[in-house]
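Trainee: Could you take me through this one step by step? I have a list of questions ready.

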Amino acid sequence: MKPIDLRSDTVTKPTPAMRRAMAEAEVGDDIYGEDPTARRLEELVAERLGLEAALFVPSGTQANQIAMGLHCRLGDEVLADAGSHIFHYESGALSGLWGVQPAPLAGERGVFSPEQVKAAVRTDFIGPRSRLVSLENTHNRGGGKVWPLERFREVVEASRAAGLAVHLDGARLFNAAVATGTPAAAWSSLTDSTAVCFSKGLGAPAGSAILGSRELIAEARRLRKRLGGAMRQVGILAAGALYALEHHVERLAEDHEHARRLAAGLAELPGVTVDPGQVETNMVVAEFPGPQADTVAKLAAQGVLAGATGSSPRAVRLVTHLDISAGDIDEVLARIRRGLAG
Ligand SMILES: *Cc1c(COP(=O)(O)O)cnc(C)c1O
């Protein structure tokens, strides 16, 4: 039985057409600024996101951490939802690389309020300096929650009024755009820096971008080199990302449809709790009877790969992506049904 892999949208393999684009990419030494494919990707993504400039980097973690390094100084504090990727899944880079500490906010599925920002900003010299607010759209630990644009705008305004810079971790920003019919730039153009991933739902094998003003991105180029992220004939990878940006954005709607179908099917299974109304993009978070690790093992035995997630001790996360068809969703539901019966 071939396992159906719903652990993450990062598990996709490049399509034959993407591989062709990569094989045929025009390349040059990117550290000399001579890789035409990387340049084209950077120009296109900057245009799509309504920001002046972009820089191609190896990973979303590096994109976020370059932003942290650009905005913050030793001893500063970054305000973000307590479940943020930058706090949980970047190997402690915030303190490890930059000497910056987290100011976790209690958001709802990753979304917080302008009042929460105002209340968390330090006004005395005894505490750390509040420097940056970081918003994550869609929110990973929030189960793919979209930041409502109006709320996002209010938080940006409150942050600016308090003297903070604004970063957007938009690893899945295109999912938010496709789910709402709002251009991605509506969110990103409000920020000082935005990070996007090509290797999540867009299906490229690797790569992310950090975006901002021309001045900021010139400095980002220095930090990328410092972190060892500057590469040579990187057009091979940039071509995969460029292909993804040109061909795999609109199709994210299919992943969202598959996630809704999966949630609706799971909601009918005895002992499984899931609110299909909370499925906004390509993630389904469901509570199963028994601890996460047991459920994950039980599902794997049935040929369904899922992941544990932070939201509750019984919650399991299933993520739809480019390599999952509608037929796979029906097969997943049949396998889970069997697993729960067994
Ligand atoms: C995946 C992800 C990243 C970046 O992860 P990498 O694996 O380093 O590319 C950043 N933020 C969020 C919200 C993510 O889901």
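Trainee: Which residue does the UniProt annotation "modified residue: N6-(pyridoxal phosphate)lysine" cover?

Mentor: A word on the basis, before the name: this is a predicted model, in which local features need pLDDT of at least 70 and side-chain atom pairs count only at pLDDT 80 or more, while totals for chains, interfaces and linings use all residues. Residues are numbered from 1 along each chain as its sequence is written, and side-chain values use heavy atoms, with hydrogens and water left out. The annotation comes from an unreviewed entry; UniProt positions follow the numbering used here, feature names are shortened, and annotations may be inferred rather than shown by experiment. The residue covered is K200.

Trainee: Where is K200 placed, and is K200 buried or exposed?

Mentor: K200 sits in the loop between β7 (193-197) and β8 (208-212); strands (E, at least two residues) and helices (H or I, at least four) are DSSP runs, numbered from the N terminus. Its relative accessibility is 13%. Buried means under 20% relative accessible area, exposed over 50% and partly exposed in between, with a 1.4 Å probe and protein chains only. K200 therefore counts as buried.

Trainee: Which residues does K200 touch?

Mentor: Contact means heavy atoms within 4.5 Å. Residues up to four places away in sequence are not counted, which leaves D9, T10, T12, A171 and R172.

Trainee: How is the domain that the record gives built, and how far apart are the end C-alpha atoms?

Mentor: The unreviewed UniProt entry annotates residues 5-286 as "domain: Aromatic amino acid beta-eliminating lyase/threonine aldolase". Over residues 5-286, helix makes up 42% and strand 16%, and the distance between the end C-alpha atoms is 16 Å.

Trainee: What is the orientation of α8 to α12?

Mentor: Helix α8 (residues 173-180) packs on helix α12 (residues 252-267) at an angle of about 80°, and the axes are 9 Å apart. Axes are lines fitted to C-alpha atoms, for helices over the stretch in contact, and angles run from 0 to 180 degrees between N-to-C directions. Under 35 degrees counts as roughly parallel, over 145 as roughly antiparallel, 65 to 115 as roughly perpendicular and the rest as oblique. The angle therefore makes α8, relative to α12, roughly perpendicular.

Trainee: Which residues make that contact, and how many of them are charged?

Mentor: From α8 come F174, N175, V178 and A179, and from α12 come L252, A253 and H256. Ala, Val, Leu, Ile, Met, Phe, Trp, Tyr, Cys and Pro count as nonpolar, Asp, Glu, Lys and Arg as charged, and the others, Gly among them, as polar. By these classes the contact of α8 with α12 has five nonpolar and two polar residues, and of charged ones, no residues.

Trainee: What is the handedness of the crossing of α1 and α11?

Mentor: Helix α1 (residues 16-23) and helix α11 (residues 235-247) pack at about 140°, with axes 8 Å apart, and are therefore oblique to each other. A crossing is left-handed if the near helix is turned anticlockwise from the far one by less than a right angle, and right-handed if clockwise. For α1 and α11 the crossing is right-handed.

Trainee: Which residues of α11 meet α1?

Mentor: On the α1 side the partners are A17, M18, A21 and M22. Facing them in α11 are I236, L237, A239, G240, Y243 and A244.

Trainee: Where does V57 lie, and which residues is V57 in contact with?

Mentor: V57 lies in strand β2 (residues 53-57), and with a relative accessible area of 0% it is buried. Leaving aside neighbours within four places in sequence, the contacts of V57 are Q62, A63, I66, G207, S208, A209, I210 and R224.

Trainee: Which residues of α10 make the contact with α3?

Mentor: The axes of α3 (residues 60-71) and α10 (residues 214-226) come within 10 Å and cross at roughly 115°; the two helices are therefore roughly perpendicular. α3 contributes Q62, I66, G69, L70 and H71, and α10 contributes L216, E219, A220, L223 and R224.

Trainee: Which bond joins N137 and T138?

Mentor: T138 is in the loop between β5 (129-136) and α7 (149-161). Most peptide bonds are trans. Here omega is about -5°, and N137 and T138 are joined by a cis peptide bond.
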